[in-house]
Amino acid sequence: MSGSLTDLFSVVALMGVFVLIALGLHFTFGMLNLVNLVHGEFLLIGAYTAYSIERATGNVVLGMALAPVVAGAVALPMERGLLRFLYERPLDSLLATFGLAVIIRQTVQLAYSAVPRSVSDPLRGSFQVLGVNVPRWRLVIVVAVLLLILGMWLLLNRTPFGLRARATVRNPTLAATMGIDIGWMRAWMFVMGSAIAGLAGSLLAPINTLDPQFGLLFLVNSFLVVILGGQGSLAGLVVAGMVLGGSLSLLQFVIPTVFAQIVVLVIAVLGVRVRPLLVARRAA
């Protein structure tokens, strides 16, 4: 019984990881509709920020706190210098963000080499709850995801910033006539999404090996979650992350991981095909 409950927590933890890696993309791709292939590299920046600060100070928690700041600081000039011209040009934004991703990845490789690195677990080990073995850091990730979801919902639905952001996304022309600076609003949304990705990378670093390909491991799953959940839908993103993360975790118990990932991709593709039909039927 305790073994099955422990497996259940592993499922919940992987659900949390899927939601976590996609939360930043909710702003940059889901709301701004920017094909953001550099999202994985902001995860990479966050992870290596935590690693670098830990090496310099011995304090990995400080590195995790600074990870979103560093990611946001990289994102702002990137958006202001290039990406702000590409919001209505999906093919150009795809090529531009792909190029930026390659530049960041190669810069990290030059600075740190391709040798795998590791980040210390701030809360090593696990504890027992009703006979369930709960790894401390994975529980922290689950709690962090819940807090981020709540914070994002409050920000977008209960603050003036959220009102301006939603107006910018839904009708930029009307928003501009109301005095909203569309350019800077998009910039801050991009920075916010990138900062969340940086934080996600730092939180995932203790349970993953770091190398310059770290961000690529999560990029595809990030897009799958946002696309399946529906662009701009925070609730849909959470549900999609739970479905895909839960499916992958459960399938890994019965089939090899590679085949489980293929099945999850098929589930996502089918979901993308079926979801518009369900939405249309509900509207009718």
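**Exercise 1. At what angle do helix α6 and helix α8 pack, and how many Å apart are their axes?**

This is a predicted model, in which local features need pLDDT of at least 70, side-chain atom pairs count only at pLDDT 80 or more, and totals for chains, interfaces and linings use all residues. Residues are numbered from 1 along each chain as its sequence is written, and side-chain values use heavy atoms, without hydrogens and water.

Solution.
- Locate the helices: α6 spans residues 160–170 and α8 spans residues 182–204. Helices are DSSP runs (H or I, at least four residues), numbered from the N terminus.
- Read the geometry: the angle is about 110°, and the axes lie 10 Å apart. Axes are lines fitted to C-alpha atoms over the stretch in contact, with angles from 0 to 180 degrees between N-to-C directions.
- Classify: α6 and α8 are therefore roughly perpendicular (65 to 115 degrees).
- List the contact (heavy atoms within 4.5 Å): α6 gives Phe-161, Arg-164, Ala-165, Thr-168 and Val-169, while α8 gives Ile-182, Met-185, Arg-186, Trp-188, Met-189 and Met-192.
- Sort by class: the contact has 8 nonpolar, 1 polar and 2 charged residues. Ala, Val, Leu, Ile, Met, Phe, Trp, Tyr, Cys and Pro count as nonpolar, Asp, Glu, Lys and Arg as charged, the others, Gly among them, as polar.

**Exercise 2. Describe the largest pocket and its lining.**

Solution.
- Define: on a 1 Å grid over the protein atoms alone, a pocket is an open set of points where a 1.4 Å probe fits, with protein on both sides within 12 Å along at least five of seven lines; lining residues have an atom within 4 Å of a point.
- Size: the largest pocket holds about 400 Å³.
- Centre: of its 19 lining residues, Leu-14, Val-17, Phe-18, Leu-248 and Gln-252 are the closest to the centre.
- Elements: α1 (2–31), α9 (216–229), α10 (234–251) and α11 (257–283) each give two or more residues. The largest share, 6 residues, comes from α1.
- Class: the lining divides into 11 nonpolar, 7 polar and 1 charged.

**Exercise 3. Which elements each supply at least two residues of the lining of the second largest pocket?**

Solution.
- Size: the volume is about 200 Å³.
- Elements: they are α1, α5 (136–158), α6 and α10.
- Residues: the lining includes His-26, Trp-153, Arg-166 and Leu-234.
- Class: 6 are nonpolar, 4 polar and 2 charged.

**Exercise 4. Classify the ring pair of Tyr-48 and Tyr-51.**

Solution.
- Place: both lie in helix α2 (residues 39–57), 3 residues apart, about one turn of the helix.
- Geometry: the ring centres are 6.1 Å apart and the planes stand at 75°, so the pair is edge-to-face (centres within 6.5 Å, planes over 60 degrees apart).
- Context: the structure holds 7 aromatic pairs.

Key. Parallel < 35°, antiparallel > 145°, perpendicular 65-115°, else oblique. Points joined across faces, edges and corners; volume = space filled by probe spheres on them. Phe/Tyr/Trp six-rings, centres within 6.5 Å; stacked < 30°, edge-to-face > 60°.
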